[in-house]
Amino acid sequence: MNIKIYKCNKCGNLLLNIKDSNSVTCCQEKMEELEVHEEKTSHTPLYYKQDKKVFVSIDHEMTVEHHIEAIIIKSEKELLIHYLEEDDDPEIILGYEQNMSIYSLCNKHGLYKTMVE
């Protein structure tokens, strides 16, 4: 399952698209597809595995002006979106599956990804 994540430049709405559609609109304008950054930065999700669980965290500030909006987990058959607010800790614990992708969405710098090995 491939995913594309779009953001409206007017209202900030997010859309996760699991179909191969390139025509996504919001506020009567075409939505921008977010580019996935795979380089390691403070935005990159960190994880460790223990007892069939994956502990995910992002070492990132959480202020109104600059925060992680969501942690998105993609596996072969599931898609999980963990929404965050600026006073939340950017972390989540979930069951381990092979070939998981973990995304973090920063309100200023976009989408970052790491693969669970």
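Buried means under 20% relative accessible area, exposed means over 50%, and partly exposed covers what lies in between. Keep that yardstick at hand for the exercises below, which explore a predicted model.

**Exercise 1. Find the salt bridges and describe where their partners sit.**

Step 1. Begin with the count: a search of the whole structure turns up two salt bridges.

Step 2. Take the pair formed by lysine 7 and glutamate 69, whose side chains meet at 3.5 Å, N to O. Lysine 7 belongs to strand E1 (residues 4-7) and glutamate 69 to strand E9 (residues 68-74), so this pair ties together parts that lie 62 residues apart in sequence.

Step 3. Apply the yardstick to both partners. Lysine 7 has a relative accessible area of 17%, so this residue is buried. Glutamate 69 comes in at 19%, so it counts as buried too.

Step 4. Now turn to lysine 10, which forms a salt bridge with glutamate 29; their closest N and O atoms are 3.5 Å apart. Lysine 10 sits in the loop between E1 and strand E2 (14-17), while glutamate 29 is in strand E4 (residues 29-30), so the pair links parts 19 residues apart in sequence.

Step 5. Check accessibility once more. Lysine 10 is exposed at 56%, and glutamate 29 is partly exposed at 37%.

**Exercise 2. Decide whether cysteine 8 and cysteine 27 belong to disulfides.**

Step 1. The structure holds zero disulfides.

Step 2. For cysteine 8, the nearest cysteine sulfur is that of cysteine 11, 3.7 Å away. A disulfide needs two cysteine sulfur atoms within 2.5 Å, so a distance of that kind does not qualify.

Step 3. Cysteine 27 is also in no disulfide, and its nearest cysteine sulfur is again that of cysteine 11, at 3.7 Å.

Step 4. Compare their surroundings: cysteine 8 is buried at 5% relative accessibility, whereas cysteine 27 is partly exposed at 35%.

**Exercise 3. Trace the open sheet of five strands from edge to edge.**

Step 1. Write down the strand order, E6-E13-E12-E9-E10, and note that the pairing is mixed.

Step 2. Pick out the edges. Strand E6 (36-37) and strand E10 (79-83) each pair on one side only.

Step 3. Look at how E6 is attached: two bridges join it to strand E13 (residues 110-115), and these strands run parallel. Across this pairing, valine 36 stands opposite leucine 111 of E13.

Step 4. Stay in E13 for lysine 113. Its relative accessibility is 18%, so it counts as buried. From lysine 113 to glutamate 76 the C-alpha atoms are 16 Å apart in space, with 37 residues of separation in sequence.

**Exercise 4. Work out the order and pairing of the sheet of three strands.**

Step 1. This open sheet runs E2-E1-E5, with antiparallel pairing.

Step 2. Its edge strands are E2 and strand E5 (32-33), each of which pairs on one side only.

Step 3. Zoom in on E1 and E2: four bridges join these antiparallel strands. Here lysine 4 has asparagine 17, in E2, as its bridge partner.

**Exercise 5. Describe the hairpin made by E7 and E8.**

Step 1. Five bridges connect strand E7 (residues 46-50) with E8, and the two strands run antiparallel.

Step 2. One of the bridge pairs is glutamine 50 with lysine 53 in E8.

Step 3. Two residues lie between the strands of this hairpin, and aspartate 51 in the turn has a positive phi of about 50°.

**Exercise 6. Locate nonpolar residues inside the protein and on its surface.**

Step 1. A general idea helps here: in soluble globular proteins, nonpolar side chains tend to be buried together.

Step 2. Start inside. The largest nonpolar core has 14 residues, and those with the most contacts inside it are Val56, Ile68, Ile71, Ile73, Leu94, Met100 and Ile102.

Step 3. Ask which strands supply this core. Strand E8 (53-57), E9, strand E11 (91-95) and strand E12 (101-106) each give at least two residues. E9 gives the most, with three residues.

Step 4. Move to the surface, where Ile18, Leu79, Ile81 and Tyr83 form a nonpolar patch with about 370 Å² of accessible area together.

Step 5. Finish with one member of the patch. Leucine 79 is found in strand E10, and at 32% relative accessibility it counts as partly exposed.

Note on methods: Residues are numbered from 1 along each chain as its sequence is written. This is a predicted model: local features need pLDDT of at least 70, side-chain atom pairs count only at pLDDT 80 or more; totals for chains, interfaces and linings use all residues. Side-chain values use heavy atoms; hydrogens and water are left out. Two strands pair if DSSP finds at least two bridges between them. A salt bridge is a side-chain nitrogen of Lys or Arg within 4 Å of a carboxyl oxygen of Asp or Glu. Buried means under 20% relative accessible area, exposed over 50%, partly exposed in between (1.4 Å probe, protein chains only). Patches are made of residues with over 30% relative accessible area and no salt bridge: like charges are joined within 9 Å, nonpolar side chains (Val, Leu, Ile, Met, Phe, Trp, Tyr) within 5 Å. Accessible areas come from the Shrake-Rupley method with a 1.4 Å probe; for residues, only the protein chains shown count as cover. A nonpolar core is a set of buried Ala, Val, Leu, Ile, Met, Phe, Trp, Tyr and Cys residues joined through side-chain atoms within 4.5 Å.
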